[in-house]
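Biologist: I should like to learn how to read the features of a structural model, one at a time. Could we begin with how strands are paired?

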Amino acid sequence: MIAAPDLEKTFRLSRAELAVFHQDVHKLLVDLELLLGIAKGLGEDNQRSFQALYTANQMVNVCDPAQPETYPVAQALASRFFGQCGGESQHTIHAMGHCHIDTAEVYLFSQQNLVHHEATCQTPRMAFQRLMIAEKASKHSEGKTCGRLESQKRYLSPTWLWPFKETVRKCARSWVTALRLMEQNAEFIFACSQAQQLEWVKNRYPGLYAQLQEFACRGQFVPVGGTWVEMDGNLPSGEAMVRQFLQGQNFFLQEFGKMCSEFWLPDTFGYSAQLPQIMRGCGITRFLTQKLSWNLVNSFPHHSFFWEGLDGSRVLVHFPPGDSYGMQGSVEEVLKTVTNNRDKGRTNHSAFLFGFGDGGGGPTQTMLDRLKRLGNTDGLPRVQLSSPGQLFKALESDSEQLCTWVGELFLELHNGTYTTHAQIKKGNRECERILHDVELLSSLALARSAQFLYPAAQLQHLWRLLLLNQFHDVVTGSCIQLVAEDAMSHYEDIRSHGNTLLSAAAAALCAGEPGPEGLLIVNTLPWKRTEVLSLPKPGGAHCLALVTVPSMGYASAPTPTLLQPLLPQQPVFVVQETQPQDPLPLKTDGSVTLDNGIIRVSLDPTGRLTSLVLVASGREAIAEGALGNQFVLFDDVPLYWDAWDVMDYHLETRKPVLGQPGTLAIGSEGGLRGSAWFLLQISPNSRLSQEVVLDVGCPYVRFHTEVHWNEAHKFLKVEFPARVRSSQATYEIQFGHLQRPTHYNTSWDWARFEVWAHRWMDLSEHGFGLALLNDSKYGASVQGSVLSLSLLRAPKAPDTTADMGRHEFTYALMPHRGSFQDAGVIPAAYNLNFPLLALPAPGPAPAATWSAFSLSSPAVVLETVKQAEANPQSCTLVLRLYEAHGSHVDCWLHTSLPVQEAVLCDFLERRDPAGHLPLQDARLKLTFSPFQVRSLLLVLQPPPN
């Protein structure tokens, strides 16, 4: 089982020996090994197979271990065999050195490793005999080794089974080895991703870093990927994905003189349908990965293809057909690369990534010797030491016949990573929000106050912490406890410093005269909001107030004596149901109804939802005879990787968690807010408390939940059976949404029994639907008409403490007329995740409300407002907007800021030469196609001193 390192473990060195490395013996060993591989790989019916076997036999016959002068004779026999060239039609393999570093690895010291190390110091005949013994031993031991499926894949990842500090040392050790190989092999090219790792080495090992830069100038050390780390492809927000490329590409340009042209993400747990657009917006048109070879149900049909994203953007994609990023140059791997290729005839080139990884190490001289010997040998594909650029150039040259895959690249494995380590996922969502809010307020303060300095350096530091945590084994929860603790510490730093920066920006925005402290209510979203907010009163108490704040702007907080009246909105009514008993008087049965005139919520005595009615139409949202807000517990014992996987058979163990009648009680009694709360014993070891809240004017009911969780291999979900019928459900992803089936018609449908979503999912039929919103969850599913939100898991490896303890989260339920687009599900989910901010002002808060930006179309979301990266001293802002409904739309962006110039730019903030936008009456006209993301630069007039 994969587990955390034993910090108390010690080793005792009992023997150390010196050995002489015989280069000529090593070469013979490589030749014999390759000949054996050819004989086995090509099979008994192949003429070339017998030639290989015969050549090996001749070599053994002519080579006398006691007479080194016989070695060249054996070498000449091998050279004659390997010198017989293949034809022009042979498949070309582009071999690239690679070392994917996963900060810690369970390394199984295999018989093959032992043979290699011993054989290099022995005679050719002894080495050949050892190889034959090892082959037999491997046959008998097949299926008996334990460990990660990746035990033969070695790459460097910023954190998995070891802490971040160890990653730095792994990078240094691995890259020193690669440098020595580059010095000794001028044709060797080493591809290296992840700007974060390079920055670590730059700071810790400057001499080594200087050598890397030197070999990059020679073209042997090739930075790839363009991102800060190899992030998860599912859970980070769209803006966070853009920042991965923005930080990574800028780093590579600054440190190595050029940006990357290929995205490099060999080991992550799925790929969002918006990645092609994000890639292209960051100057990248090529993509290499291989993880879909791990699919548990369906084999992906291509290795070289075009990938079309949600908005229609296309990139060229290549999966190495050897289905690995850690190959070692064996004949078996070379042959698999050809035979496994699913695009034969369409293209005649493929990648071969070699080098020990996961725990580092990288390529070895032996691997290089194998690949160089196989360069152009009859019966085998042509092998050339190559670079990512050469590979993709070859693929592009005959890309006319390649197929196109449309939509997400869904990994049919590791579905548990959408839920594992809920606190990490909550921290991720919260910190994405905090950085969004800090950037917006700091940008507005920059525009309005000459004294305000935009905190560019602090924000870059905080963003890089967040991006580091979005590495594909951190935000997913598939890491050890030490790494999880580091991640939580990073989130706390972002929260603490982010809140300080928020207060500083709010103070600059107010710029009031000294006086009694005021309170500023800030709306960081691009639409007007009227919501119930809890405001502080003198003495430390709080009171509820109904506040209205303009889009991306502020309003002053109402004083307790000037709280707005409810009119024209209907207050919330809270009714405790009664039923007649014999004899009278009436006795309550414990059920509660909440009604705000928009929706009516009925709870049974245990807190389950018996009815949810859209008042205007009288339409019931809960399926007849069913109960919503039903907590369910599943056994969760995966086949392979505890923290990573949840298997489909867990659905067969469904157990509803039943509460005790009489635990439901009224919380807030109505008016601005009505609520009821209850307790639920999940198991002897775990319990839950929940407050069901309905606010005045709010179209959804919220479920504030606290769980004390102490389970082993259990999975907690909450279900809402809907009175809706549809074969497709809609899930929010980065900068948009997509549909997935609600049935198991095909194996591709069935493999999506557990999927990921961001802030909302929706099940709609014509004219009506039900949306389930959340503030920190990602795992979800809709089977039939049941919406299910995944809440907590309890895996025990690699972190035995994962998810244990106290959790707080909120989800919400929103019935709606018409489509979810027209009903406002998208802004509702944003509102749940981006609460109004009540920030203290150093002086009296401004009396007038103020809005910086607003939009004419509800289909467009203004996602980001930040200072431009190029000149931290300038008053230039970057705005990022996207079309959220899936429609063509023209939209006017209105701003109250003093704009001098507006121009479209890419995601790296490079101007579009043809992207000038005329300003008309403080408005800019933007045109969007479905799910298109657009960025623009606004050059502002400096504020007066």
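Modeller: Two strands are said to pair if DSSP finds at least two bridges between them. The model before us is predicted. In strand 9, the bridge partner of Ile 93 is Val 383.

Biologist: Which strands pair with strand 1, and in which sense?

Modeller: Strands of a sheet pair through backbone hydrogen bonds, in either a parallel or an antiparallel arrangement. Strand 1 pairs with strand 9 (residues 382-385) in the parallel sense, over 4 bridges. With strand 8 (residues 349-354), strand 1 forms a parallel pairing over 6 bridges, where His 94 has Ala 351 as its bridge partner. Strand 1 also pairs with strand 2 (residues 190-192) in the parallel sense over 2 bridges, and there His 98 stands opposite Ala 191.

Biologist: How many residues of strand 1 are buried?

Modeller: A residue counts as buried under 20% relative accessible area. In strand 1 (residues 92-98), 7 of the 7 residues are buried, so this strand is largely enclosed by the rest of the structure. Both of its faces are covered. Thr 92, His 94, Met 96 and His 98 lie on one side, and Ile 93, Ala 95 and Gly 97 on the other.

Biologist: What does the alternation of side chains look like in strand 35?

Modeller: In a regular strand, side chains alternate between the two faces of the sheet. In strand 35 (residues 837-841), Leu 837, Leu 839 and Ala 841 point to one face and are buried, whereas Ala 838 and Pro 840 point to the other and are not buried. Strand 35 pairs with strand 11 (residues 518-523) in the antiparallel sense over 5 bridges. In that pairing, Gly 518 stands opposite Ala 841.

Biologist: What is the strand order of the open sheet with 3 strands?

Modeller: The order is 37-40-43, and the pairing is antiparallel. Strand 37 (853-855) and strand 43 (923-928) stand at the edges with a single partner strand each, so one side of each has no neighbour in the sheet. From one strand to the next, the twist averages 25°. Strand 37 and strand 40 (residues 889-895) are joined in the antiparallel sense over 3 bridges, and Leu 855 stands opposite Leu 893 in strand 40.

Biologist: Which residues have the most contacts inside the largest nonpolar core?

Modeller: The largest nonpolar core has 188 residues. Those with the most contacts inside it are Leu 198, Trp 307, Leu 773, Phe 853, Leu 879, Leu 936 and Leu 938. Helix 16 (residues 481-510) gives the most to this core, with 12 residues. A second, separate core of 65 residues includes Val 572, Ile 682, Val 696 and Phe 720.

Biologist: Which residues does Leu 936 touch?

Modeller: Leaving aside residues up to four places away in sequence, Leu 936 touches several residues, including Leu 879, Leu 893, Val 903, Cys 905, Leu 917 and Leu 926.

Biologist: Where should one look for unusual backbone geometry?

Modeller: Most residues other than glycine have a negative phi, and most peptide bonds are trans. His 414 has a positive phi of about 60° although it is not a glycine, and His 421 has a positive phi of about 55°. His 414 is placed in the loop between strand 10 (404-406) and helix 14 (422-448), and His 421 lies in the loop between strand 10 and helix 14 as well. At 1% relative accessibility, His 414 counts as buried. His 421 is buried too, with a relative accessible area of 8%. As for the peptide bond, the one from Ala 797 to Pro 798 is cis, with omega near 5°. Pro 798 is found in the loop between strand 33 (786-792) and strand 34 (805-817).

Biologist: What radius of gyration does the protein chain have?

Modeller: A compact globule with 945 residues would have a radius of gyration near 30 Å, and the protein chain agrees with this at 31 Å. Its C-alpha trace spans about 105 × 75 × 55 Å along the principal axes. The secondary structure comes to 19 helices and 44 strands. Buried residues make up 59% of the 945 residues.

Biologist: How much area does the protein chain expose?

Modeller: The protein chain exposes about 36,600 Å², and carbon and sulfur atoms supply 52% of that area. Among contacts between residues at least 6 apart in sequence, 74% join residues at least 24 apart.

Note on methods: Residues numbered from 1 in each chain as written. Predicted model: local features only at pLDDT ≥ 70, side-chain atom pairs only at ≥ 80, totals over all residues. Heavy atoms only, no water. Axes fitted to C-alpha atoms, helices over the stretch in contact; angles between N-to-C directions. Rg over C-alpha atoms; globule rule 2.2 N^0.38 Å. Buried < 20%, exposed > 50% of the residue type's maximum accessible area, 1.4 Å probe, protein only. Contact = heavy atoms within 4.5 Å. Areas by Shrake-Rupley, 256 points an atom, 1.4 Å probe, with all protein chains shown as cover. Core = buried A, V, L, I, M, F, W, Y, C linked by side-chain atoms within 4.5 Å.
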